[in-house]
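Visitor: Please take me through the empty space in this model, cavities and pockets alike. What lines each one, and which elements supply the walls?

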Amino acid sequence: MSNDRLAALSAAGVSIWLDDLSRERLTSGNLAALIEDKHVVGVTTNPTIFAGALSDGAAYDEQVRELAARGADIDTAIREITVADVQHACDVFSGVWERTGGVDGRVSLEVDPRLAHDTEGTAAQASELFKAVDRPNLLVKIPATEEGLTAITRATAEGISVNVTLIFSVERYKLVMDAYLTGLEQAKANGQDLSRIHSVGSFFVSRVDSEIDGRLEKIGGDAALGLRGKAAVANSRLAYAAYRDAFSGARWDALAAHGAHAQRPLWASTGVKNPDYPDTLYVSELVVDNTVNTMPEKTLLAFADHGEVDGDKVTDTAGASQQVFTDLEGQGIDLDDVFLTLENEGVEKFEKSWTELQDTVRGQLDSAK
């Protein structure tokens with residue numbers, strides 16, 4: 001049975017994507033049910049998600065035994081396992097992809113996080129994954145590190161649809177959008193069909209509050225403590241204003257005339273970390289047309305149960321959102337350091353998850369021999 005609250009969110013222009021994937025979710029029919037009943041129109045994955053899925057084990061046993069019999073090394077095994085899951089998910093979403101003209105029905109697969117500061121390696125692997133998955137509704141995830149920006153341009157120029165991940169600051173987001181636009185310009189010069197290229201910019205939300213709240217609590221005092229829980233939503237709303245600016249004007253019009261699609265903002269890390277905050281905070285406060293909200297299942301079900309859609313909460317909020325950052329700086333918060341810390345931690349967390357994934361697969365391969 002379709003959910004009215006999620007239907008309202010979808011009707012407001014928010015594409016609901018699930019931030020999770022596992023073979024169990026695929027083979028049990030759970031993902032298909034979420035599409036049917038919960039308005040889910042896409043999936044995002046990352047190394048942490050796959051590490052969790054594989055640690056549960058049983059659904060992967062047959063493929064692991066086959067890989068072990070072939071003598072596959074660990075990285076090859078990880079790629080074949082994750083590519084198989086993503087191919088299956090792409091097929092499950094094929095109807096959504098067709099119905100939405102390629103806008104939704106998307107499934108993301110990330111390049112090896114150990115390549116986050118390696119432009120050449122990231123660009124090469126983006127191309128490899130695009131060919132390996134061989135599905136038109138794939139998004140290759142590339143982190144928004146400085147080194148990743150050139151790789152984003154190169155992948156886009158090749159006609160690869162990209163999900164740019166680990167974006168924390170509006171300034172970096174502007175560079176990401178510029179990298180995408182440059183890639184579209186190069187794709188056009190290369191004779192690519194721009195209408196087949198899609199992209200999202202994954203702007204991380206909850207981690208911004210977690211980092212800034214911790215710093216405000218160390219400062220103490222009513223003024224500082226009164227700013228807790230405000231930075232993440234303000235940051236995201238400023239990002240949306242930057243998106244509106246980037247995809248308007250002569251440069252964009254020239255690309256749009258050739259069928260180009262704007263790079264939609266995707267609100268990522270929308271599970272609330274602080275139990276004192278409403279568990280649907282980073283969904284209800286970021287409702288605006290032509291965006292994506294990728295949610296952990298817990299957040300998705302919470303919104304289905306009690307989430308509220310109260311119109312557009314983002315457009316024309318830039319002034320008030322900027323004031324939040326002015327106030328934060330007035331309390332001594334070094335925002336440049338906040339965003340650098342978050343990016344570095346984000347890369348480190350995914351590298352750690354990749355190591356955990358390797359350890360899990362190594363153990364399973366050894367057991368299957």
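Guide: What follows goes through the enclosed cavities, then the open pockets. Keep in mind that this is a predicted model.

Start with the closed spaces. The whole structure holds two cavities of 30 Å³ or more. The largest cavity takes up about 50 Å³. Its lining is made by Asn 46, Pro 47, Phe 50, Ile 78, Arg 79, Thr 82, Leu 109, Glu 110 and Trp 354. By class, that lining is five nonpolar, two polar and two charged residues. Three elements each supply at least two of the lining residues: helix H4 (47-56), helix H6 (74-92) and strand S3 (106-110). H6 has the largest share, with three residues.

The second largest cavity has about 40 Å³. Around it sit Glu 110, Pro 113, Ala 116, Pro 143, Leu 166, Val 347 and Phe 350. Six of these lining residues are nonpolar, none is polar and one is charged. Glu 110 lines the largest cavity and also the second largest cavity.

Now the open spaces. The largest pocket has a volume of about 530 Å³. It is lined by 23 residues, and the closest to its centre are Ser 169, Val 170, Glu 171, Asp 336 and Phe 339. Helices H10 (170-189), H13 (231-246), H17 (318-330) and H18 (335-368) each give two or more residues to this lining. H18 gives the most, with six residues. The lining splits into ten nonpolar, four polar and nine charged residues.

The second largest pocket holds about 410 Å³. Of its 22 lining residues, Asp 19, Asn 46, Thr 48, Arg 207 and Phe 350 are the closest to the centre. Two or more residues come from each of H4, strand S5 (162-167), strand S6 (199-204), strand S7 (264-268) and H18. H18 again gives the most, here with three residues. Its lining divides into six nonpolar, eleven polar and five charged residues.

Some names recur across these spaces. Asn 46 is in the lining of the largest cavity and is among the residues closest to the centre of the second largest pocket. Phe 350 lines the second largest cavity and is likewise among the residues closest to the centre of the second largest pocket. H4 supplies at least two residues to the lining of the largest cavity, and H4 also gives two or more to the second largest pocket. H18 gives the most to the largest pocket and to the second largest pocket.

Note on methods:
Residues numbered from 1 in each chain as written. Predicted model: local features only at pLDDT ≥ 70, side-chain atom pairs only at ≥ 80, totals over all residues. Heavy atoms only, no water. 1 Å grid on protein atoms, 1.4 Å probe; cavity = no way out; pocket = protein on both sides within 12 Å on 5 of 7 lines; lining within 4 Å. Points joined across faces, edges and corners; volume = space filled by probe spheres on them. Helix = DSSP H or I, 4+ residues; strand = E, 2+ residues; numbered from the N terminus. Nonpolar A, V, L, I, M, F, W, Y, C, P; charged D, E, K, R; others polar.
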